[in-house]
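Thanks for coming, everyone. Please have the sequence and the model open while I talk.

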Amino acid sequence: MNYILNLIIPLFVLYIIIYSEKEKKNTFELFTSGIKEGLKTVYKILPSMMATLIVINLFNQSGALAIIFSPVIKIVKNIIPIDLIPLIIMKPFSGSGSTSIVMDIFQNKGPDSLEGIMASIIMSITETTFYTISVYYSVTNVKNIRGTLKVAIIVNIIAITLAIILIKTQIFIKI
């Protein structure tokens, strides 16, 4: 089975080459033009990506995150484990930041603990909302995001609420 999985990408590349030769297409030219398009996209996205990452890092490292969200922490600490609050706050802003929080939860509490299972579910059902909106809308030059942000935040809140309910009531399948 592993042998077949290792062959999927080479076979797919071979299929593309054979198909492009059959259709009388210049495979190398198409490949290089695809790379040029990809680099243009990276060039458009990179400033937004860097700005978002820098602001999130400054926000987190300065301690502003803890100060701003301390009232929220006081309210929800009896509902969910305190270790998950930084994850819930960070996830809409940064995938890599929230991944490091999850790794910390796994190291301190274990992946099979209540906190570990909840962190896994929250990571898989929520989105890096602000990052995604900033990248997609800057590339498409859309200035008015309309209800996108509101809907995305509502969906993240519903997802986190469902994760908490599922784990607290243990309505999930253990593998």
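Three helices each give at least two residues to the lining of the largest pocket: H4 (70–76), H5 (85–90) and H9 (148–169). Keep in mind that this is a predicted model. Which helix supplies the largest share of that lining? It is H9, with six residues.

How much space lies in this pocket? About 410 Å³. The lining has 17 residues. Closest to the centre are Val 72, Ile 88, Ile 89, Ile 157 and Ile 160. Now sort the lining by class. There are 15 nonpolar residues and two polar ones. Charged residues are absent from the lining.

A word on how such space is found. A probe the size of a water molecule is rolled over the atoms, and that shows where empty space is left.

Next, the aromatic rings. Two numbers describe a pair of rings: the distance of the centres and the angle of the planes. How many aromatic pairs does a search of the whole structure find? Two.

Take Tyr 15 and Tyr 19. Their ring centres are 6.1 Å apart. Their planes meet at 25°. Why does this pair count as stacked? Because stacked means planes under 30 degrees apart, and 25° fits that. Both tyrosines sit in helix H1, residues 2–22. They are four residues apart, about one turn of the helix. Is Tyr 19 buried or partly exposed? Partly exposed, at 43% relative accessible area.

The other pair is Phe 93 with Phe 130. This pair is stacked too, with 4.6 Å from centre to centre and 10° between the planes. Where do these two residues lie? Phe 93 is in the loop between H5 and helix H6 (95–109). Phe 130 is in helix H8, residues 129–139. They are 37 residues apart, so the pair links distant parts of the chain. Phe 93 is partly exposed at 25% relative accessibility. Phe 130 is partly exposed as well, at 30%.

On to charges. Side chains of opposite charge can pair when their charged atoms come close. The search of the whole structure finds two salt bridges.

One joins Lys 40 and Glu 37, at 3.8 Å from N to O. Both residues are in helix H2, residues 27–61. They are three residues apart, and that puts about one helical turn between them. Lys 40 is partly exposed, with a relative accessible area of 48%. Glu 37 is partly exposed, also at 48%.

The other salt bridge joins Asp 83 and Lys 109. Their closest N and O atoms are 3.5 Å apart. Which parts of the chain does this pair link? Asp 83 is in the loop between H4 and H5, and Lys 109 is in helix H6. They are 26 residues apart, and the pair links distant parts of the chain. Asp 83 is partly exposed at 27%. Lys 109 is partly exposed at 42%.

One last residue: Thr 128. Find it in the loop between helix H7 (114–125) and H8. Is Thr 128 buried or exposed? Its relative accessible area is 10%, so it is buried; the cut-off is under 20%. What does its side chain contact? The side chain of Thr 128 makes a polar contact with the side chain of Glu 127, at 3.0 Å.

Terms used
Residues are numbered from 1 along each chain as its sequence is written. This is a predicted model: local features need pLDDT of at least 70, side-chain atom pairs count only at pLDDT 80 or more; totals for chains, interfaces and linings use all residues. Side-chain values use heavy atoms; hydrogens and water are left out. On a 1 Å grid over the protein atoms alone, a cavity is a set of points where a 1.4 Å probe fits but cannot get out, and a pocket is an open set with protein on both sides within 12 Å along at least five of seven lines; lining residues have an atom within 4 Å of a point. Grid points are joined across faces, edges and corners, and a volume is the space filled by probe spheres set on the points. Ala, Val, Leu, Ile, Met, Phe, Trp, Tyr, Cys and Pro count as nonpolar, Asp, Glu, Lys and Arg as charged, and the others, Gly among them, as polar. Rings of Phe, Tyr and Trp (its six-membered ring) pair if their centres lie within 6.5 Å; planes under 30 degrees apart count as stacked, over 60 as edge-to-face and the rest as tilted. Buried means under 20% relative accessible area, exposed over 50%, partly exposed in between (1.4 Å probe, protein chains only). A salt bridge is a side-chain nitrogen of Lys or Arg within 4 Å of a carboxyl oxygen of Asp or Glu. A polar contact is a pair of N or O atoms within 3.5 Å; within protein, one must be able to donate a hydrogen and the other to accept it, and residues adjacent in sequence count only if both atoms are side-chain atoms.
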